[in-house]
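Welcome, and please open the model in your viewer. We will go from stop to stop, selecting a few residues each time and looking at what is there.

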Amino acid sequence: MSETINTAVQFPTFEKPTVQFNEKGWGPCELPDTFKDVPYQPFSKNDRLGKICDWTSTSNNDKKYQNKYASTFGTGNQYAYYHEEDETTFHLVDTARVQKPPHQRGRFRNMRNSRGGRGRNARGGLNAHGHGMTTLSSKNVKARDPRRGVGKRFGNRGPPPKMRESSVAVRADWASIEEMDFPRLIKLSLPNIKEGEDITTCGTLEYYDKTYDRINVKNEKPLQKIDRIVHTVTTTDDPVIRRLSKTVGNVFATDAILATIMCSTRSNYSWDIVIEKVGDKIFMDKRDHTEFDLLTVNETSVEPPTDDDSSCNSPRNLAIEATFINHNFSQQVLKTGDQEAKYKFDETNPFISEDEDIQVASVGYRYKKWELGSDIVLVARCEHDGVLQTPSGEPQFMSIKALNEWDSKLANGVEWRQKLDTQRGAVLANELRNNACKLAKWTVQAVLAGSDQLKLGYVSRINPRDHSRHVILGTQQFKPHEFATQINLSMDNAWGILRCIIDLVMKQKDGKYLIMKDPNKPIIRLYDIPDNTFDSDDSDDGEGDDGEGFQQVYNYANNSNKI
């Protein structure tokens, strides 16, 4: 059998590829089918490779090298994700809350870590002395739980602040004329206003008892309830201002109204003032039966009192308590009695008649005028609370006010009984922070009246839960102009704010206007209101001898049981 062997050599075949000739540039003329619809983005070998997606990294990482993983050719959108489907067809089927296993729940996790025998110095293990239990004192409670305060650090700030109500409801027929924001008012200035010139003085003042300067925390004195009448008469109900308006001035107000306007940039609560323009004269009044004369408490604090009417620490109840303390303190520190000497002004008290047999608070009224330029003459009624006899025999007039402590823990303040004698500056600085508006008003009133001294008393509750009994812990006195500089109160700015409002009202037609502080924004608004607004409130008021409707008087001794 023979076998045929093919000894011919077989070579591999070579197929010549098709070479495309690009006449317009470099590269192929047509893209092969295998590379069609494939996204392409230029990449350099020098670029750093990072993670495709990192959900665990924080936004604070690599702030110094933000372009660490950036491409040399810049960012492209070839691999960007575009969501084109309609999400309206998506429905969540299972809304049940996922239950964690017991070992992941906080209660069991703490129990597991606190079991005995899991380590020395544990709550159930052995301590350094070999005992089986470690007792933690109340001082170490905060150090025991490191999670305390975590919510505050990470944005759990509790419920939003409650919106405050305005002092008066804005009606539909009121027309808003102007809005003045605080940043603009702070920049105003009216320099070179001279001291006011006295027109007339009224009333009787009692002398200050210097024994109250020796009161301290260890030698405190109870605050007495003095049965005296305090008149709070508005501008147009003042018979002296009505008489002076015929001959002197064209702008009329009281020191309390002027202080409210001048210190408006420090206020947080809402307030309102009625302005009546008659010809070229302006009368600034407060509304009857309002809380205008009540003293605010912790108005400028970071955490003001909670608005709960049932609590004795609500803003309104604290304001009534502060006003009660202020009036009783200003009368208690004076030398009372029929045998004591008194300082009498030129005229008697204009708000009482000779046949009235009532005890009136020691107060001296000084009617003064200021020239504000552009033929604007301001006439205002200012008040003194007492007088001090100097060694040379000259009288020094005083404005006597009282600061009150209600609950240092709720107010986040310093405790007066511990700090007042040793660190009085810290106590005053805390009050300047929490009651900046109230202290500024007192200072402006003392400056306007020309008082030689501003006497401040520190009055505290005997028990923080009892708001009816108080003690005097100390006193402090200042010169009004020096104290204004200390609290950063510029009288030039105060006069500028007043002049701005006067000029704004002077440009309007005759009628009645209302200026109101917005309860939640640093804005003052001026409204044009109908002439008969608030007139219905005056129909029930009594009338004086000359037909003037006087405002109700405050008898804080009789109302003390309501505080």
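**Getting your bearings**

Keep in mind that you are looking at a predicted model. Begin with a cartoon view of the chain, whose secondary structure comes to 12 helices and 15 strands. The chain has 563 residues, and 39% of them count as buried. Among the contacts with a separation of 6 or more, 72% are between residues 24 or more positions apart.

**Stop 1: the largest nonpolar core**

Select Ile273, Ile275, Met284, Trp495 and Leu498 and show their side chains. These five touch the most other members of the largest nonpolar core, which has 67 residues. Helix H12 gives the largest share of this core, 9 residues. A general tendency is worth recalling here: in soluble globular proteins, nonpolar side chains tend to be buried together.

Now centre on Leu498. Leaving aside residues up to four places away in sequence, Leu498 touches Leu258, Ile261, Met262, Met284, Leu372 and Leu378. Another core, of 15 residues, lies apart from the largest one; select Phe324, Leu388, Met398 and Ile400 to see some of its members.

**Stop 2: a salt bridge along helix H12**

Select Arg499 and Asp503. They form a salt bridge whose closest N and O atoms are 2.8 Å apart. Why are the two separated by about one helical turn? Asp503 and Arg499 are 4 residues apart in helix H12, which covers residues 491–506, so about one turn of the helix separates them. Are these two buried or partly exposed? Asp503 is partly exposed, because its relative accessible area is 25%, while Arg499 counts as buried at 14%.

**Stop 3: salt bridges between distant parts of the chain**

The structure holds 19 salt bridges, and two of them make a good pair to visit. Select Arg381 and Asp238 to begin. The closest N and O atoms of this salt bridge are 2.8 Å apart. Arg381 sits in strand S9 (residues 377–384), and Asp238 in the loop between strand S3 (221–222) and helix H5 (239–244); the pair links distant parts of the chain, 143 residues apart. Both Arg381 and Asp238 are buried.

Next, select Arg243 and Glu347, whose side chains meet in a salt bridge at 3.7 Å, N to O. Here helix H5, which holds Arg243, is linked to the loop between strand S7 (342–344) and strand S8 (363–371), which holds Glu347, and the two residues are 104 positions apart. Arg243 is partly exposed, with a relative accessible area of 44%, and Glu347 is partly exposed too, at 30%.

Before leaving the charged side chains, select Glu178, Asp181 and Arg184, which are linked in a network of salt bridges.

**Stop 4: the largest cavity**

Where is empty space left inside a model? Rolling a probe the size of a water molecule over the atoms shows it. This structure holds 2 cavities of 30 Å³ or more, and the largest has a volume of about 100 Å³. To find it, select Glu405, Ala411, Trp416, Asn430 and Glu431, the closest to its centre of the 13 residues that line it.

Which elements each supply at least two residues of this lining? Strand S11 (395–405) and helix H9 (424–434) do, and H9 gives the largest share, 3 residues. By class, the lining has 4 nonpolar, 6 polar and 3 charged residues.

**Stop 5: Asn404**

Stay with strand S11 and select Asn404, which lies in it. Asn404 is buried, with a relative accessible area of 5%. Among the residues Asn404 touches, not counting those up to four places away in sequence, are Trp416, Ala322, Ile325 and Val297. The C-alpha atoms of Asn404 and Val297 are separated by 8.5 Å, although their positions lie 107 residues apart along the chain.

**Stop 6: two residues with positive phi**

For background, most residues other than glycine have a negative phi. Select Asn298, which is not a glycine but has a positive phi of about 55°. Asn298 lies in the loop between strand S6 (281–285) and helix H7 (315–332), and is buried, with a relative accessible area of 4%.

Finish at Asp375, in the loop between S8 and S9. Its phi is also positive, near 60°. Asp375 is exposed, with a relative accessible area of 70%.

Terms used
Residues are numbered from 1 along each chain as its sequence is written. This is a predicted model: local features need pLDDT of at least 70, side-chain atom pairs count only at pLDDT 80 or more; totals for chains, interfaces and linings use all residues. Side-chain values use heavy atoms; hydrogens and water are left out. On a 1 Å grid over the protein atoms alone, a cavity is a set of points where a 1.4 Å probe fits but cannot get out, and a pocket is an open set with protein on both sides within 12 Å along at least five of seven lines; lining residues have an atom within 4 Å of a point. Grid points are joined across faces, edges and corners, and a volume is the space filled by probe spheres set on the points. Ala, Val, Leu, Ile, Met, Phe, Trp, Tyr, Cys and Pro count as nonpolar, Asp, Glu, Lys and Arg as charged, and the others, Gly among them, as polar. A salt bridge is a side-chain nitrogen of Lys or Arg within 4 Å of a carboxyl oxygen of Asp or Glu. Buried means under 20% relative accessible area, exposed over 50%, partly exposed in between (1.4 Å probe, protein chains only). A nonpolar core is a set of buried Ala, Val, Leu, Ile, Met, Phe, Trp, Tyr and Cys residues joined through side-chain atoms within 4.5 Å. Contact means heavy atoms within 4.5 Å.
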